[in-house]
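Biologist: I have a new model on my screen. Could you walk me through it?

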Amino acid sequence: MLHRNKTPITYAAELTLENVQHFYGARQILHDISFTLKAGEVVCLLGPSGCGKSTLLRLIAGLECTDGGSVRINGKVMCDANTCVPTQKRNIGMVFQDYALFPHFTVLQNVAYGLRSVLGNVEAENEAMRALERVGLAHAAQKSPIQLSGGERQRVALARSVVTRPSILLMDEPFSGLDGRLKEAIRRETLQVLREANVTTLIVTHDPEEAMRIADRLILMDEGRIVAHGQAETLYRAPPNVFTASFLSETVVQNVTVAHGQISTMFGVFMVDGCDDGTKLSMAVHPHDVQLSAAQRIGCQHGKINQCSFAGDHYHYDIRLAASDDMLMCEGRTREAIGQVVWLYCNAENVMLFDATTQERLPLHVRTI
Ligand code: ADP
Ligand code: MG
C-alpha cells in the first residue's frame, strides 16, 4: 500500500496511560486511569453515558491536557506534568461519532485532506482513492458526503482516518448512528480494515453487546474510573464486581445473609463454603441461567407468567413474583402460557456471589443442598 518515499510509513504503536486524572472546573471527571494497549491491539472502552469515555479519548488525542498522570506512545511521553505534545505530532487518527466530514468537499477530497500537506494534491488523491477502494467506496469518490447513507459516511470517515497511516486510531461510538443488520456488516468490515491497516485501536461504545463482539479485550468504566479490564468472555462469565455483571448482561441481584453455612435465595437454598454466618452477600444470576419448573420446588420463589415473547432462538418471560409482586425478567427455550404458575430455580454453578458492601466478587464455593 503506502511504500513510496514521501509516503508516511508508520507502524502500530503501544499506548500507555498511567494514573491519568482530569477535572472540568472543580469536578473530577477521570480518576487514576491506567492501561496499556499493545501494538496492533483492538480494545473497546465501554461504559454508561457520561462516565468519561470521550474525555479520555480527547486526552489521548491531545485535544486536552491531563491534570495528572501521563500518556505515552511507544514509551515516549505525550502528556504529563511537564509536556503536552500537540495533536498533529502524535500520529493519532480519530473517527468521531458524527463522522465530522466536510460537506462542501467531495468524498475523495475529504479522505485526501490529511495527506495534502505531506504528499501534494495528486499523490494525496491517489492514496485517498486506494483507501476508498479498500472500504468499497471508489464509485462514490466524486459525490458529496451529504449524498451518502449513514453506513457509507462511516466508511468514508474510516478511510480518512487510516489513510494517513496513524499508529493509533481512536473511534468514538463509530457505529451508534447505524441500525440493525447494517451495523453488524459495517462492524465486520471495519475490523477487517483495522487489521489490514495494522493500527492500535481504541473503540468507545456504551453498548456491551457491541463491545463483546468487536474486541477481545474490554476496559469497563463507571463514573470516571476503570471498574473492570480483561477478556470479554472472562468478564462476562466471572465478573469482578456487581457493576460489571449488570452492565454486560441483564442480571438479577438479591442481597442475602449467610446463616448455618447457607443462603436462602429466590432461586433456592445453597450451601456456601468458606464464609462466616452473618456475612452479607449480594447474589447475582444471569436471566438465561434461571430455570422454570411447573412443579413446586421447596425453598424457591414462584410467580405467574405475565408475558412471554418470542426472541428467535429463545423466549423472554416477564414473571410476576407471588411474594413481592415484583416483575422478574428471564429467558428460556420453551413457550409458556400466560398465567402459568412457575417455580424459579438455578444451578449452584450459576450463582455469583459478591461482598454486599464493596460489591466485589468473592471466591466462594456454592453447592446445592
Ligand atoms: P461519555 O463520553 O462517557 O458519555 P464524557 O467524557 O463526554 O462522557 O463526559 C464525562 C463528564 O464530563 C460528563 O458528566 C460531562 O457532562 C462532563 N463534561 C464533558 N465535557 C465537558 C466540558 N467541556 N466541560 C464541562 N464538563 C464536561
Ligand atoms: Mg461520549
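What follows is a short exchange about this predicted model.

Biologist: Which strands are the edge strands of the open sheet, in the order β2-β1-β4-β5?
Modeller: The open sheet has four strands, with antiparallel pairing. An edge strand pairs on one side only. That description fits β2 (27-37) and β5 (76-79).

Biologist: How many bridges join strand β1 to strand β4?
Modeller: Strand β1 covers residues 15-24, and strand β4 covers residues 68-73. The two run antiparallel. E18, for one, stands opposite S70 in β4. The number of bridges joining β1 to β4 is five.

Biologist: At what angle to β1 does helix α1 run?
Modeller: Helix α1 is made of residues 53-61. It lies across β1, β2 and β4. Its angle to β1 is about 120 degrees.

Biologist: What span should helix α4 have, at 1.5 Å a residue?
Modeller: Helix α4 has 14 residues, 121-134. The expected span uses one less than the number of residues, times 1.5 Å. The end C-alpha atoms of α4 agree with the expected value, 20 Å.

Biologist: Within what arc do the buried residues of α4 fall, seen down its axis?
Modeller: The buried residues are A124, E127, A128, A131 and L132. An α-helix has 3.6 residues a turn, so residues three or four places apart point the same way. The buried residues of α4 line one face of the helix, because they fall within an arc of 145 degrees.

Biologist: What covers the buried residues of α4?
Modeller: Other helices contribute to the cover. They include α2 (107-112), α3 (116-119) and α5.

Biologist: Which helix gives the largest share of the largest nonpolar core?
Modeller: Nonpolar side chains tend to be buried together in soluble globular proteins. Here the largest nonpolar core has 48 residues, and V111, L132, L169, L194, I214 and L218 touch the most other members. Its largest share is six residues, from helix α5 (residues 150-163).

Biologist: How many residues are in the second, separate core?
Modeller: Its members include A13, L15, I29 and V43. The count for this second core is 30 residues.

Biologist: Is S117 buried or exposed?
Modeller: S117 lies in helix α3. Its relative accessible area is 71%. The cut-off is over 50%, so S117 is exposed.

Biologist: How far apart in space are S117 and A245, C-alpha to C-alpha?
Modeller: In sequence, S117 and A245 are 128 residues apart. In space, their C-alpha separation is 48 Å.

Definitions and conventions
Residues are numbered from 1 along each chain as its sequence is written. Chains are lettered from A and ligands numbered from 1 in the order in which they are written. This is a predicted model: local features need pLDDT of at least 70, side-chain atom pairs count only at pLDDT 80 or more; totals for chains, interfaces and linings use all residues. Side-chain values use heavy atoms; hydrogens and water are left out. A nonpolar core is a set of buried Ala, Val, Leu, Ile, Met, Phe, Trp, Tyr and Cys residues joined through side-chain atoms within 4.5 Å. Buried means under 20% relative accessible area, exposed over 50%, partly exposed in between (1.4 Å probe, protein chains only). The arc is that of the directions from the helix axis to the C-beta atoms. Contact means heavy atoms within 4.5 Å. Two strands pair if DSSP finds at least two bridges between them. Axes are lines fitted to C-alpha atoms, for helices over the stretch in contact, and angles run from 0 to 180 degrees between N-to-C directions.
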